Structure formats: C-alpha cells, structure tokens
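Visitor: I have a structure to look through with you, and I would like to take it one question at a time. Shall we open it?

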Amino acid sequence: QDTKVAIGISGWTGFAPITLAKEAGIYKANGLDVTIKKIPQKDRHLAIASGDLQCAATTVETWIVWNANGIATTQLFKMDQGMGSDGIVARNDITKVADLKGKTVAASAPGTNPHFTLAWILKKNGMSLKDVKLVTLEPAPAANAFVTGKDLDAAVTYEPYLSLVRDKPETGKLIADSLQYPMVFDSFGCTPKFIKENPKAVKALTESYFQALEMIEKDKQKAFTIMGADVKQTAEQFEKSQAKIKWADREANKKFFNGEIQAFNKEAAELLLEIGVIKAKPDNMDTLFDTTYIK
Amino acid sequence: MKLLVPVKRESRIALGVAFFIFFVALWSFLSLSGAVPKHFLATPWQTLVSGWNLFATQGFTHDVGMTIWRVVGGFVLAAVIAVPLGIAMGVYKPIEAFFEPFVSFARYLPASAFVPLLILWVGIGEAQKLTVIFIGCFFQLTLMIAMIVSGTRRDLVEAAYTLGCKDSGVIRRVVLPGAAPEIAEALRQVLGLGWTYIIVAELIGASSGIGHMITDSQALMATDHIIAGIVVIGLVGLLSDVAFKKVNQHLFSWSLLR
Amino acid sequence: MKLLVPVKRESRIALGVAFFIFFVALWSFLSLSGAVPKHFLATPWQTLVSGWNLFATQGFTHDVGMTIWRVVGGFVLAAVIAVPLGIAMGVYKPIEAFFEPFVSFARYLPASAFVPLLILWVGIGEAQKLTVIFIGCFFQLTLMIAMIVSGTRRDLVEAAYTLGCKDSGVIRRVVLPGAAPEIAEALRQVLGLGWTYIIVAELIGASSGIGHMITDSQALMATDHIIAGIVVIGLVGLLSDVAFKKVNQHLFSWSLLR
Amino acid sequence: MSRLSIRGVSKTFPGHKRNVPPTQALLPIDLEVGDNDFITVLGPSGCGKSTLLRLVAGLETPTAGEIQLDGTNIVGAGADRGVVFQSYTLFPWLNVRQNICFGLREKGMKLSEQREISDRFIAQVGLRGFEDHFPKQLSGGMQQRVAIARALANDPKILLLDEPFGALDNQTRVLMQELLLGIWEQAQKTVMFITHDIDEAIFMASRVVVFSARPGRIKTELAVDLPHPRHYTVKTTPEFMALKARLTEEIRVEAIAADH
Amino acid sequence: MSRLSIRGVSKTFPGHKRNVPPTQALLPIDLEVGDNDFITVLGPSGCGKSTLLRLVAGLETPTAGEIQLDGTNIVGAGADRGVVFQSYTLFPWLNVRQNICFGLREKGMKLSEQREISDRFIAQVGLRGFEDHFPKQLSGGMQQRVAIARALANDPKILLLDEPFGALDNQTRVLMQELLLGIWEQAQKTVMFITHDIDEAIFMASRVVVFSARPGRIKTELAVDLPHPRHYTVKTTPEFMALKARLTEEIRVEAIAADH
Ligand SMILES: Nc1ncnc2c1ncn2[C@@H]1O[C@H](COP(=O)(O)OP(=O)(O)OP(=O)(O)O)[C@@H](O)[C@H]1O
Ligand SMILES: Nc1ncnc2c1ncn2[C@@H]1O[C@H](COP(=O)(O)OP(=O)(O)OP(=O)(O)O)[C@@H](O)[C@H]1O
Ligand SMILES: [Mg+2]
Ligand SMILES: [Mg+2]
C-alpha cells in the first residue's frame, strides 16, 4: 500500500528533481503515491491549509511566512540554492539597483520569493519597497510582459522564464541575481501532522530526492529530457536553464541546517516583519525545520 | 437599405461568411506582414495547425472534457438547488421576501474573488472548480427563476381554480408547465455565464482543462495555443448553447407557436 | 401561505432583514465556536473592523476608486462602440447579417482567457484592465442592443411614415426614443457583468484595486480582508446598479406607466 | 327556487399603496338567478360587472353580504361554477382535448370517461378534427369555443361568462352567440353572461340586468320574452328594436358618465 | 372627379419560407372614392381589407394595378394620407400634444403654429385638459381620439381608418362613431373606414363596400342615403334596419366561409 502524498511546487527549474523522482518512478519504488500540483507560490499555503497538499517545495523564507500566519509546516531538506538563476531583470539603461528608484517593477504577490527578493536587494542597497512602483505579476507573465511591453522597467523572475530575456538581450538584462545576493534557498517540507503520522513516507520522500540527484549525475541526458518535458523545454534548453543551479546533496544539507539557515532566518524574519508580510516573528525559529530525515 | 426590412436567407449567409473571411484576412495580414511580431500573434494557419496538434498529439481532448465536466457539474449543482428554491420563491411571496434581498446582493459578489477563500475551504481539487462555477451561476439563476415564476399568468391560475384545482394542483399543473420554457431559457443563459468563469476556476491547482493549457502556454508565449484554446472554449460554449436551445425548442414546442 | 399573493411591505422588510440576521448569526457561530479554525474564516465583527481599517488606515479608498474607474472605463468604451453598432445592426438588416454571426460567436470567448494575450498586446497597464472589461461587455452589449432595436414596434414606424417621416426621421424620432429605455436597461445589466470581470483583470499586473488588495491579503491569510474586499465589490456593484436603475426610471418615466 | 342568490353583496378594493384611496367597485347588490335562467349583465366600463362575476366565481371575497349557490354559501373557487373569461385562458401547453379534460383529470376521472365527455363537447362546439391543436393554432373564436367546452365539461351548476366574445370580430361574435344560445336551449344551464353589447345582451338573455356607472348598482332589470329557439334574424324584428332602443337610452347615460 | 382611384389593384404576399405558398390577399380590385365620400369597407376576417388600406397608405406595394390620389400615382407612404390603425399607435414617449404635433414638427412648422393647430384638434376630440397626459394614462377611446386628431392635424387629402374602434367596448365605440361622423360632417374630409361592425358601417357611411372572403374582391356596394346630421337613434329606424338586414345576409355567408 503506497502512501498518498500531494506536493505543491511551481515551474521553477530548481524543483525539477521532484518531477524527475515522480516521472522516473523513484517515488513509486520507495512506496509513495505522489501527486504533483503546480500551484503559484502565493496560493500554495492556502492549499496546504485546506488539506489538499501535505507537502510543498518553496523558498526558505516562505516557511517563516506560513508558520507566522497560522499554517504549521516543517522543512525536511534543502533542495537548491539560487546561483544566479533568479534575480532582477531591468532595461538596458538601468545599470544598478539604485537606478530602480521610482521605476515600475514587477514582482509576485507578498509572501512569495520574488517579492521578498526585491525587498531584500533593495534593502541591501539602502532602499525599500516604497521606493519603487510595485506591480503584481507572477514570474512567468512578468518575464513575458517585460520582454514584450514597455510598461515595466524591471521584473523579478527566475529560470526557465529568464531564458526569455536571455534570448532578447535588446530588451534588458539581469542587474542583480541570487549569486550576488545569496538569499534564495529552496527547501522541501510537509505539515507536522503528516510527518508525525507518516515517518516512513517522510524518510522515503527525502531519500527519493537524493536518488533523483544521483540519477541526474548518472544519466544527464535522460534526466534533462524528463525534467525539460515538464516545462515544455527540450533537453538542451533545460540544460541551459539549470546551468546555474546547484542542487544540495546530503552533505550540503547537513551544512545548511547547521548554522546557515539560522542566520538567514533571523535576517529574513526582520525583513518580513518590516514589509508587513508577517505580523510577528515565530516564537521559535528552530521548529521551522526537522533534520531527522537527512541523517 | 430599407429600415428593419429583413434580408434574404442567401444574402444573410453570404454577409455573415464575408465577415469571417474579412476577419481572417485581417488577422493573416497582421501576422504575416510582420506588422505585428510573430510571437505576439500567431498566424491563422499556425493556430489551426497547433489546434489540431493539441488534439492529435497532446491529449487536448482530455482537457476539453475536463473543462466541460467542470462547467456542467458546477452548473448542474447550481440548478439543482436554484430551480426548486426559485420556484418556491416565485410562488410563495413570504419565502421570496426572506431570501430575495440576500440573493440580490450575493449576485454581485464576484465568483473569481472567492478563489483564495475556496482554496482554503475546499482545496484545489475539482470541488474548488465546481464551487466557482456554482457561485457564478447560483444566485443569478435563483433570481431569474423566481422572477419567471412570479410572472405566471394570473388568469391561467384563476382558470385552474375555477376548474377545481387546489393550490398543489395549480403549482403542478399550471405554474410549472407555464414557467418551464422560460426556466429552460434561463438555464441556457446561465450556462453561458458559467463558461466565462471556467478559466478563472482553472487558473489555480488545475492539472488539466483548457484554462490550465492556456496558463501553461503563457509561460512559453505560445500565442497559437492560447488562441486555439480561446476559440475552442468559444466553440464549445456556442455548441452547448445551440444544443440547449434545440432541446428547449423540442421540449417546449408549444411555446414557440404564434 | 397563498399562492402568488404579495406580502405586506412591513413583513417583507422584516423577513428580508431576518435572513441577514440569520446569515450573520450562522457566520458568527461557525467562526466563534471554533467549528471552523480561526484563520479559515474571520468573525463578522473582525471583518467589519478590518474593513473599516482598510478604509481608515490603508488607503483602500484609492483601491476602490481604481476598481470603479476600470470597470466604468472599460464599460464606457464598450458602450461607445456597441451602442451605435448595435443600433445600426438593428435598423439595417444587411449590417446585422454582416456582423451578427461573428459577434454571436465572440460573445462566448471568455474575457479572462484573453489576459495572457492582452499582456502581450497592450501590456500590463490600465489598458489591459480596460480591455478585459471591454471584451467582457462589448459583444454581449452589441447583441442585446441589436435585438432591442430589431424589436422596434413596426406599427409605430409605419405610423411615422404616414405622418410624413423619411428614414432618418424614423430612426431619430421613433426607433431611438422607443428603444432608449431598453437600451439603458441593457447597459445596466452589462455593467453588472463588468463587475464580475474586474477581479480577473486585477489579478495580473495590478498595483492597486480591490482585486490587488485581495491577492495581497493572501499571504497573511487575512480572510477578514478578503471577505471585506468581496463584500465591498458586492456593495459597489449593487449601488451602481441601483443608481443606474434610478437614473433610467427618471429619464424614461414614460416607459414605466401602466 | 333561486339557483344563485346574491344578497347585499358589496365590494371595496383597498388602496394597496399609500395615497391611493380604496375603490368602491360595487354598492350593495341583491340579485336572484333562477334555475335555467340566462341573465345578461350590461353596463359601462368599470362599473363592477367583472367584480360581481368574480365574487360569484369565488375569486374575490365580498366586503359585505353573502352569495349562495343552491342554498350553500360560496367559499372560494370551485368546479361547481364554470367560468369563461374575456382573455384567452386556455392552457397553451395543452391541446384542445387536454384543455377540455383539465377539470375532469383533476377530479381523477377515468381516461375513457374523459375521452367520451370531451368528444361530446368537442362535437358540440364544432371543433371535431381540431382535438390535437394547441391554443395558439386556433383563431380567437375557436379558442373561446374550447373555453366554453372546458367549462361545460365539468358540468357546473352555473356558467359564468365575462365578455367571452369581447375580443372577437363582429361576424365571429354573432356566430358564437348563436352557438352558445343553441347549447343553452339544449342543455338548460343557468348562465350569467356579462357584456357591453346591447344586441348580444338582448339576443341571448331571458333577463337583462343593467348596471349603473361606478360604483355599480343595478339600475334596471328587463325580461326578454322573445320566443325560443331564436334565429339571428330576430335582431331586425320590431320587438327586438324596441328593447334595443330602450336599453340604448339606459346605457348611454351611464356610458357618458363613465367616460368622463 | 374621384379623389382616390384604385384600378386593377391586386396583392399576393410571397411565402417567405420554403414550403409556404404565396398568399393571394386581394384579387384585382377597382374602386373610385369621390371627394368628401365616407366609404366603409365591410368584410370577414382575413379578406384583405387591411391589405387594401395599406396599399392606399403606401405601406405595401401592389402586385398589379395602380392607385392614384388626385390623379397622381402613389409611391410610398406620405403625409397626404392620414392613417389611424386598430392597434394603439400613439408614440408612448410623447404626450398628447406632442403626438398630435408629430407630423407638424416633421414638416418644420413653427412652434406657435403647431400649438394653434393642436389646440384646435384637442378641442375637437374633446381632450382639453389632457394635453400633458401620456398615452398610457389614457383610456383606449381617448387614445384613438388622439390618433384621429394626429392624423387630421396633418390636413391629409384622405383619412384611412382600419377598424379604429375595434378594441373599444361597445358604448365607447358608439360615442366614437358619433364623434368621427361629427368631424366629417363639419370638415368634409374624404374617408375610407374599415370595419367588421355592420351597425358602424351603415351609421357613418355614404357608401358601404362589402368584401368577399379571401382572396378578397368587392362583392357589393351599397349607398347609404340616411340624412345628415345623423343621430344615434337612426340605428333603430326601419330604414336602417332594412340596410342592416340586407348587409347581415351578405356578410354572413362570407363570415361562415372565412371561419372554416
Ligand atoms: N383588484 C383590484 N384592485 C383595485 N381596484 C380594482 C380591482 N379590480 C377592479 N378594480 C376596480 O373596480 C372597478 C370595477 O372594475 P370591474 O373590472 O369590475 O369593471 P367592469 O364593469 O368589468 O369593467 P369592464 O367593462 O371594463 O370590464 C374599476 O374601477 C376597477 O378599477
Ligand atoms: N405581410 C404579410 N405576409 C403574408 N401574408 C399576409 C401579410 N399580411 C396579410 N397577409 C395575409 O393576407 C390576407 C389578408 O390579410 P388582411 O390583414 O388584409 O385581412 P383583413 O381583412 O384586414 O382581416 P381582419 O379583419 O382580420 O383584419 C390574410 O390571409 C393574411 O394572412
Ligand atoms: Mg370586466
Ligand atoms: Mg385587418
């Protein structure tokens, strides 16, 4: 009897190993019956609250937001880290972040990573969200609107949608990315209730992820084909999209949850409070993750 | 041209076809001449081919099927409650007085704005999609049916009383058959409304459906797929409407006599 | 209860109020008793306070203003084209034959599905929002007006001819004044339709508006804000409708005589 | 003995909205209708003729007074009083036969019996061959013939007709009068017939009741002693003329009073 | 000299849909209407009376033949032929005065002049005090009086009336006949008046034209030599009776032919 799990993710290239684990039958082999739901980050917590999702992949600061706003969730393992595959694209006449002052910038809704990214980068440059005109657009339409229209001066987006801009250098370029500002980390987590009731399945989810990474190492071509197909890319296109992504293996995971995340969470919570996405910091940030399963 | 004078059947058809030809010609010109960049607007031919491919190779039939089932499902749910409630409201004015102000107000609540709440309340499965359609259809339908039933011809009701009917007989044998054609017509119109909500319903958490296909294609700027999707919804909506109309005409042929 | 017999004004109001009280009581029970977790459903009181705060401290008036302007703007655009086109179609049947099949079909194209295309075509500014509303209203309105004008009483037209009118006089002095009340009524109904599209239009690329506020409230799980937003749209829609109705009744008082 | 007794019956309609005063439609009226009487009620527009008929039918309740049918007080509408209205009130979704059988089916009568009765009345009103037609496929005159057959099929104690031929053209109207009179001469029903038309009132009646302008009361009663069976040519006889001349004067003053 | 000459005019309506055969509404008709004639056209339902009137009004074109008014062929509708229809065709958004001035305004007449003319006709049809009423605030009889005034205000060469009193109750109808006849006796207009009602046809006419059942043709013409001014009591005189008896027979056969 396979354990049923519904996982909410987005089209972000960093989440592709989950698709791979499902499509290549890794989950199945580990006794899991996984359903993957593509659902925008801004809605993902609602779906968890409704009970339709037990697990999700999302950026690390979102777990703070969700828990602070009443949706109990626990991270299990880190998946990847932005290495420049997400960031702010801007018109060619905008050369540095400071130039964004007073400009129209597209980012996804509050509580999502692009929104947070923008706030973070602006803060590092001595500005705040109030200094730009913020337009709510999900990463995909943001990239579309940026390359095709004139309404936007800048947009926050990520791979694979960054490729749209990459293909049209005349429309703009990346002015700030997650390599310069190391603050985009993705992790995978589930509700505490699910973890408590299905420890075996949780272990299997974790192991499946690591097995998917192994498969990418072993059979790149096949893995890229499967992962690309999910976002309607060829293996070659996908290879380009994932070039700057570094998936976290077991070792990287151990390292991340031992110090790195604590530091990041502290800074992130401050900022989230500042921009009004949470009303109070979670009491104990260490309950946001559970490192039992990566051991 | 003379005022209000009908045109012959043949010229009517010819003129109607002419507009479609004109429209496609304009579209072709815009997309082929380069007046509009290619990725802004697919050519008609490309759209047609993509549309065909969607069905032939990408399992679009399943998407269309899911969309139809959601619209019809939500609509049937709405109808199952709205029809008896509307009839009760139309017939018994105290019931109408009780529900009418609330329903009148609720009709203005935009179904699409409920999406975030619905995700919380009923999740992201089929229930959420059905509920969006339900909200979009239910209040409107209830009001329309109550109005129709209120408009029951008083003289026919009185005639039934003088022929020996009691209240229940009047409802069963006069109010219902008299209102049936208009209720069917209201159902048809509201089903048309349902189609306009499905895209919103399928925006979130769907893994199939025409709306899902359109959202997917958006990321890739596949305007051919988007246009094909829109046209397919239009066609399905039109077909369901025509079919509904035919069924009504067949069921209530007496109401068409003049 | 007697069939179809109206209830007295006082009881009618009392019953209507009773339902609202019942509704709020149920809502309070659900949210206060803990039957539904707190973050799933705000209490009525909390919703009211939040609604008030939205206006008082969070500049919600601006959002509401933007939303109204978009709906009204898109609607006026649609009306400005649809009214003369619809009249021309109604009066001159060849024109109707030319446009009618296309417009009938286009009416089923879901406005919300155009959003991805519109981002490409007109960007993400106000133009996109107005266009969504425009698409949602235009085809429906054109058809309704053509139908209304087609229904011009032939006997009045003939009377005008026998009184010495030429075609232009008939249009100006008979067709237009005769159709005006119904056209105004159609405009009112279609404006109501416009309200249902605004949320979709504001979902994407907005930095203000009620729809934008609802999206923003999601992260905080602020169901109180979401519900307040929905209710405000409902109220604004209802108000605009009532105001429109009053204006129509005032302008076309003759059509209300019986 | 009277079949129908109307004693001191009056009717005032309350003004539903504020500022609308109540309408006194009928001043207290006394009227006895004997068994097999054919009385016609003549009066100007708005004088309360329909109101009286609706009171007898049980579709309205009197403000004062009482109405008895065969000695029993009337409460609500019932199948013992057949009504034919001026407006066409056939059920448009039923065909001619189904319309005629409407009351029979309500009584739970067997189908075969329903068929027999409807056949008889269809023949009597001259609509054989039209059994399956829907009301909208019939001319106005035919529709009213079906309405009469539908009322008669129930075998009511009294037939109440409210300007049943008012919307028909003159020639059809004359033919319908002869038809109805023929049925009455054969079946001996008690009939109360409301009309505006003096010729019609005299031609069919055994007694003509003339109403005054609103608020209505009975102004004159006039027995019509023309022999039966009556032929349409009776309308151009001197006896008829004399009655007509007299009623014309009676009604004319009332009509002028009502019009202004 | 004839004011209106109808020569060999016939009308066949094409069957618009497939399988619908064309309707021959009117067989070739010849009719001369003299200056100041008041002719009434009598005939069963559907015999083509309205069709003839609409041909004269210019609202239909004849299939064959020609129609001349004062020696000129008729092309389309025009203000020289005033028409009053059976259905109420007042413009509901205009008040009584505005309705009466409709044609005058179309001619571009000065407001003061419009006012003068409308005042005269409002007085003539007895509607003083109702100038600001809208059509729906008037009774049927009043509406038709406005319609007559509206047609007359244009000072047409001929007045065409298609059962203008058909929807009125009998008493109102009689009063309207007297009103119209009074106007004609004063103003000496040429009038063509269509009706079903034999009394009405005789009472007003200088000549009665009887149509056969469809397809219509003229069956009889009958001059009415009753003296003017006519009083309503003329309807119960022996001369009137004789005419009525004769027309009753003529029309009865046609009506029976038309009804079945
Ligand atoms: N339901 C009602 N409410 C208020 N007033 C009414 C109602 N029914 C009738 N009346 C009024 O009562 C008066 C008599 O109406 P009734 O219909 O009995 O007249 P009538 O003699 O039948 O007239 P007609 O010949 O035009 O049919 C009229 O003034 C009418 O306006
Ligand atoms: N526009 C039309 N198209 C087809 N047939 C028509 C049209 N107008 C009239 N007819 C037919 O022509 C015949 C004569 O019609 P018309 O209206 O002239 O009769 P009528 O004598 O005025 O009848 P009534 O007394 O009922 O008014 C009828 O059979 C009618 O159905
Ligand atoms: Mg009456
Ligand atoms: Mg006619």
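Visitor: What percentage of the residues in chain B are buried?
Guide: Keep in mind that this is a predicted model. A residue counts as buried when its relative accessible area is under 20%. Of the 258 residues in chain B, the buried share is 59%.

Visitor: And how much accessible surface does chain B have, and what part of it belongs to carbon and sulfur atoms?
Guide: The accessible surface of chain B adds up to about 10600 Å². The part that belongs to carbon and sulfur atoms is 71%.

Visitor: How many helices and how many strands does chain B have?
Guide: Reading from the N terminus, the elements of chain B run α-α-α-α-α-α-α-α-α-α. That gives zero strands, and the number of helices is 10.

Visitor: What is the radius of gyration of chain B, and what would a compact globule of 258 residues have?
Guide: The C-alpha trace of chain B spans about 75 × 60 × 30 Å along its principal axes. A compact globule of 258 residues would have a radius of gyration near 18 Å, whereas chain B has 23 Å.

Visitor: Among contacts in chain B between residues at least 6 apart in sequence, what percentage join residues at least 24 apart?
Guide: A contact here means heavy atoms within 4.5 Å. Among those between residues at least 6 apart in sequence, the share joining residues at least 24 apart in chain B is 74%.

Visitor: Which residues of chain B does UniProt list for a domain?
Guide: The unreviewed UniProt entry carries the label "domain: ABC transmembrane type-1". In the model, the listed span is 84% helix and 0% strand, with its end C-alpha atoms 18 Å apart. The residues listed are 64–244.

Visitor: UniProt also lists residues 104–124 and 226–244 of chain B under "transmembrane region". What is the helix content of each span?
Guide: Both spans come from the unreviewed entry, which also lists others, including residues 12–30. The end C-alpha atoms of residues 226–244 of chain B are 27 Å apart, and that span is 100% helix. For residues 104–124 of chain B, the end C-alpha atoms are 28 Å apart and the helix content is 52%.

Visitor: Let's turn to helix H7 of chain B. How many of its nine residues are buried, and what do they pack against?
Guide: H7(B) covers residues 154–162, and eight of its nine residues are buried. Among them are Asp155(B), Glu158(B) and Tyr161(B). Within chain B, the buried residues pack against helix H8 (167–202). In chain D, their partners are helix H1 (49–57), strand S6 (81–84), helix H3 (102–107) and helix H5 (140–153).

Visitor: Which residue with a positive phi follows H7(B)?
Guide: The phi in question is near 105°. The residue that follows H7(B) with this value is Gly164(B).

Visitor: Which two chains share the most contacts?
Guide: Eight pairs of chains touch. Chain A does not touch chain D, and their nearest C-alpha atoms are 50 Å apart. Chain A does not touch chain E either, with nearest C-alpha atoms 49 Å apart. The pair with the most contacts is chains B and C.

Visitor: Last stop, chain A: is Ser208(A) buried or exposed?
Guide: Ser208(A) sits in helix H9 (residues 199–218) of chain A. Not counting residues up to four places away in sequence, Ser208(A) touches Ala21(A), Ile26(A), Tyr27(A), Asn30(A) and Leu32(A). Because its relative accessible area is 0%, Ser208(A) is buried.

Technical notes:
Residues are numbered from 1 along each chain as its sequence is written. Chains are lettered from A and ligands numbered from 1 in the order in which they are written. This is a predicted model: local features need pLDDT of at least 70, side-chain atom pairs count only at pLDDT 80 or more; totals for chains, interfaces and linings use all residues. Side-chain values use heavy atoms; hydrogens and water are left out. Helices (H or I, at least four residues) and strands (E, at least two) are DSSP runs, numbered from the N terminus. The radius of gyration is taken over C-alpha atoms; the globule rule is 2.2 Å times the number of residues to the power 0.38. Buried means under 20% relative accessible area, exposed over 50%, partly exposed in between (1.4 Å probe, protein chains only). Accessible areas come from the Shrake-Rupley method with a 1.4 Å probe; for residues, only the protein chains shown count as cover. UniProt positions are given in the numbering used here, feature names are shortened, and annotations may be inferred rather than shown by experiment.
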